[in-house]
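Work through the exercises below with the sequence and the coordinates open, and try each task before you read its solution.

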Amino acid sequence: LYSLNKSGQIYGASNDLVSIMKSSIQYSELTGGLFDITALPLLELNQDSFNANNTPPSNDSISEVKSLIGYKNININGNDITLSKTGTLITLDSIAVGYIVDKAATILGQGNIDNVLINGGGEIYPHGAKNDGELWKIGVANPRDDSNYLAVIDSGNWAISTSGDYEAYFTDDYLYNFIIDPRTGVSPTEL
């Protein structure tokens, strides 16, 4: 990924990288571009602006950087990946841990392991039951009150992935955070 971001191309990429890039493009298509792994320049713009001025970036800066954003700038041919615009950058932060958790679950499933809980932070895969025979319970954190949960879910053989503005933010009110809307260039406020 470093090489791809540095040069805009990578030839002979690993099957895992190609797979995760293809999945990312599919999610981008499903969400109409709201999920977009090319949003890294917007995230960096926001980080730089808040670090330097403690304010969101200017509309002019956002407009300039938005021209680099778009999953359609990613071209995959076999195991070769190219970015069609200079300055387009990829981040897999929003999908990589889930991909790794899925791969770990597949590997553990091949070893006939019946009961396991894989925790990748916000990505959790419960399978089977705890040692006492009870199902795993997954607590969904309340981002504004860490003394209780929004929900507690009995597990099944499925994975869950969560993300929240309280994990990485630029302002103490969480209004500006690491979740960036590629359409506006800043954090969505309607969440």
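**Exercise 1: the buried side of α5**

In helix α5 of this predicted model, the residues Gly98, Tyr99, Val101 and Ala105 are buried. Task: determine on which side of α5 these residues lie, what they pack against, and which exposed residues the face turned away from them carries.

Solution. Step one concerns direction around the axis: the four residues cover an arc of only 160 degrees, which puts them on the same side of α5. The general background is that an α-helix has 3.6 residues a turn, so residues three or four places apart point the same way. Step two identifies the partners, and here the buried residues of α5 pack against α2 (15-30), β4 (116-119) and β5 (123-127). Step three turns to the face of α5 directed away from the buried side, where Ile100, Ile107 and Gln110 are exposed. Beyond the helix, α5 is followed by Asn112, whose phi is positive, near 55 degrees.

**Exercise 2: length and faces of α2**

Task: check whether the span of α2 agrees or disagrees with 1.5 Å a residue, and then assign its buried and exposed residues to sides of the helix.

Solution. Step one is the length: at 1.5 Å a residue, the 16 residues of α2 should span 22 Å, and because its end C-alpha atoms are 22 Å apart, the two values agree. Step two lists the buried residues of α2, which are Leu17, Val18, Ile20, Met21, Ser24, Ile25 and Ser28. Seen down the axis of α2, these buried residues fall within an arc of 165 degrees, so they line one face of the helix. Step three gives the other side of α2, where Asn15, Glu29 and Leu30 are exposed. Step four asks what covers the buried residues, and the answer includes α1 (2-7), β1, β2, β3 and α5.

**Exercise 3: strand β3 and its partners**

Task: describe how the side chains of β3 are arranged, and state in which sense β3 pairs with β1 and with β2.

Solution. Step one follows residues 80-83 of β3, along which the side chains alternate: Ile81 and Leu83 point to one face and are buried, whereas Asp80 and Thr82 point to the other and are not. Step two takes the pairing with β1 (residues 9-10), which is antiparallel over two bridges, with Ile81 of β3 as the bridge partner of Ile10. Step three takes β2 (residues 74-77), which pairs with β3 in the antiparallel sense over four bridges, and in which Ile74 has Leu83 as its bridge partner. Step four examines the hairpin of β2 and β3, where two residues lie between the strands and Gly78 takes a positive phi near 65 degrees.

Note on methods
Residues numbered from 1 in each chain as written. Predicted model: local features only at pLDDT ≥ 70, side-chain atom pairs only at ≥ 80, totals over all residues. Heavy atoms only, no water. Buried < 20%, exposed > 50% of the residue type's maximum accessible area, 1.4 Å probe, protein only. Pairing = 2+ DSSP bridges. Arc of directions from axis to C-beta. Contact = heavy atoms within 4.5 Å. Expected span 1.5 Å × (residues − 1).
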